[in-house]
Amino acid sequence: MMFRFWTLCGVCSLAFAAPAARADAFDRYTNPLLAKIAATDGVREVKQLAADTILEQDHVLPGVSGAFLVVKTNQGRFSKLLVAVARQKLDNGSSIPILLIERFTTYREGQERATQAAGQHVILFDGFRFGLDIGQVVPAALGGDLRFVVAGEKSTLEPIGNARLYLVTRPLPEAAAPKSAKFTAGSSFDPRSFSGSYKLHDDGRRSGTLTLKVADDGEVSGSYYSDNGGQKYNVTGKIGTPRYSIRFTIKLPRSEQVFQGWLFTGDGKALTGTSRLQEHEAGFYAVRLADE
C-alpha cells in the first residue's frame, strides 16, 4: 500500500498554493450533473469510505489525481471533492494518517456553476470535521458534513448527520469534453470558426469561460461563466467586417460589457481586441480551449 508522506512545512505551503489555471475533467461536473448522481451508473453511496478504497479509486477522472466524491450536504447543496490519503511525519520519526481534500466545490442551489464555497489542499486529522457549505474545518458543535476517523490501523471518511456521500468509480459520459468546431486555415475564412469555448482574460482583472456559437447569418449567441463564483451571463453579438472580426456583448446584472475582437486567421487559437465596461476601455484576449 503506497501512502504520500508530508512534512509540516510541506503541509503549510499547500494551504497557500495558487489554484489551477486550466480547466480539467473535475470542472465539467457541474451542479445539474451532481444532482443526478444518486441514480447514475458507476456511482455508489457509502456510509464509510476506507483509506484502501480511496487509494484504489485514485485517478478515476482522466488526467486528475485523487478519488472523486460527491456529497449532498446537510443543507441540501451538492459538493464535489478530490481526496487522497497520506501520512504526516512527526518529529519523533513516526507518522499518523491524514486525509487530503485536494480540491472541492460546493454549488449554490438552483445554479449551474455558481459556487457557495470552494478551495483546495485541506488536511483532516483524526476526528476533524469539514463543513462543505462554508468550506471550513468545524468543531463538533457546528456539525459539518464529513468526518475523518482513525481506529488503529484503519482510517475512514464518513458523512455526518443527513449528509450523503457518493463514490464515483468511473467517469460519467455526460461529463465528457465537448467537441468544438475544427478550425481550418484557408484563403476563404469561415465566420463559424469563431464557434467554440475560450478562456477569456479581460484587463488582467476578470477571467472566465466564454462559449460562442455562430449561426449561418453571422448572429452570435453564447454564454460566459465567471471564474469569480461561476455565475453565468448571456452573450449576444454579430460577425463583422472583415469576416474574422466579431463584436459581442456580455449582459451583466446592472450593465453590459461590449467586446470588439479579431480571431487569429492562421490557426484560430486566439481572439484578441478591446472591451468597454461603462466608460472604461481596456484590452482582452481569449485562448481557445482544446478538446481533451
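This is a short tour of a predicted model, stop by stop, with a selection to make at each one.

**Stop 1: the barrel**

Start with strands β13 to β20. Eight strands close into a barrel here, in the order β13-β14-β15-β16-β17-β18-β19-β20. The pairing is antiparallel. Ignoring direction, neighbouring strands of this sheet are turned by 30° against each other on average.

Now select residues 219–226 and 232–239, which are β15 and β16. Seven bridges join these two antiparallel strands. For a register mark, label S221 and find T236 of β16 opposite.

**Stop 2: a pocket lined by barrel strands**

Stay with the barrel strands and show the surface. Which residues are the closest to the centre of the second largest pocket? Select R206, Y224, S226, Y233 and L252. They belong to a lining of 17 residues. The space in this pocket comes to about 380 Å³.

Colour the lining by strand. β13 (196–202), β14 (206–214), β15 and β18 (256–263) each supply at least two of its residues.

Before leaving β15's neighbourhood, pick Y225 and R113. The charged end of R113 sits over the ring of Y225, 3.7 Å from the ring centre.

**Stop 3: the open sheet**

Next, select β3, β11, β10, β8 and β9. These five strands form an open sheet, in the order β3-β11-β10-β8-β9. Here too the pairing is antiparallel. Which strands are at the edges? They are β3 (49–50) and β9 (136–138), each of which pairs on one side only.

Walk across the sheet from β9:

- β9 to β8: three bridges, antiparallel. Look for V138 of β9 opposite R129.
- β8 (129–131) to β10 (146–151): two bridges, antiparallel. R129 stands opposite R147 of β10.
- β10 to β11 (154–159): six bridges, antiparallel. R147 stands opposite E158 of β11.

Show V138, R129, R147 and E158 together. R129 has V138 opposite in β9 and R147 opposite in β10. R147 in turn stands opposite E158 in β11.

Then zoom in on the hairpin of β10 and β11. Two residues lie between the strands. G152 takes a positive phi near 65° in this hairpin.

**Stop 4: strand β6 and its partners**

Select residues 95–107, strand β6. How many of its residues are buried? Eleven of the 13 are, so β6 is largely enclosed by the rest of the structure.

Add β5, residues 78–89. Eleven bridges join β5 to β6, and the two run antiparallel. V85 has L99 in β6 as its bridge partner. Follow the chain through the hairpin between β5 and β6. Five residues separate the strands, and G93 takes a positive phi near 95°.

Add β7, residues 115–124. Eight bridges join β6 to β7, again antiparallel. Label Y107 and T115: these residues stand opposite each other, with T115 in β7.

**Stop 5: aromatic contacts**

Finish with the rings. The whole structure holds eight aromatic pairs. Show F104 and F130. This pair is edge-to-face, with 5.2 Å centre to centre and 80° between the planes. F104 lies in β6 and F130 in β8, so the pair ties together parts that are 26 residues apart in sequence. Are these rings' residues buried or exposed? Both F104 and F130 are buried.

Move to F125 and F128. This pair is also edge-to-face, at 5.5 Å centre to centre with 70° between the planes. Why does F125 count as partly exposed? Its relative accessibility is 25%, and the partly exposed class runs from 20% to 50%. F128, at 33%, counts as partly exposed too.

Last selection: F26, Y29 and F68, which form one aromatic cluster. Add K80. K80 lies over the face of F26, 4.5 Å from the ring centre.

How values were computed:
Residues numbered from 1 in each chain as written. Predicted model: local features only at pLDDT ≥ 70, side-chain atom pairs only at ≥ 80, totals over all residues. Heavy atoms only, no water. Pairing = 2+ DSSP bridges. Helix = DSSP H or I, 4+ residues; strand = E, 2+ residues; numbered from the N terminus. Axes fitted to C-alpha atoms, helices over the stretch in contact; angles between N-to-C directions. Phe/Tyr/Trp six-rings, centres within 6.5 Å; stacked < 30°, edge-to-face > 60°. Buried < 20%, exposed > 50% of the residue type's maximum accessible area, 1.4 Å probe, protein only. Lys NZ or Arg CZ within 6 Å of the ring centre and 35° of its normal. 1 Å grid on protein atoms, 1.4 Å probe; cavity = no way out; pocket = protein on both sides within 12 Å on 5 of 7 lines; lining within 4 Å. Points joined across faces, edges and corners; volume = space filled by probe spheres on them.
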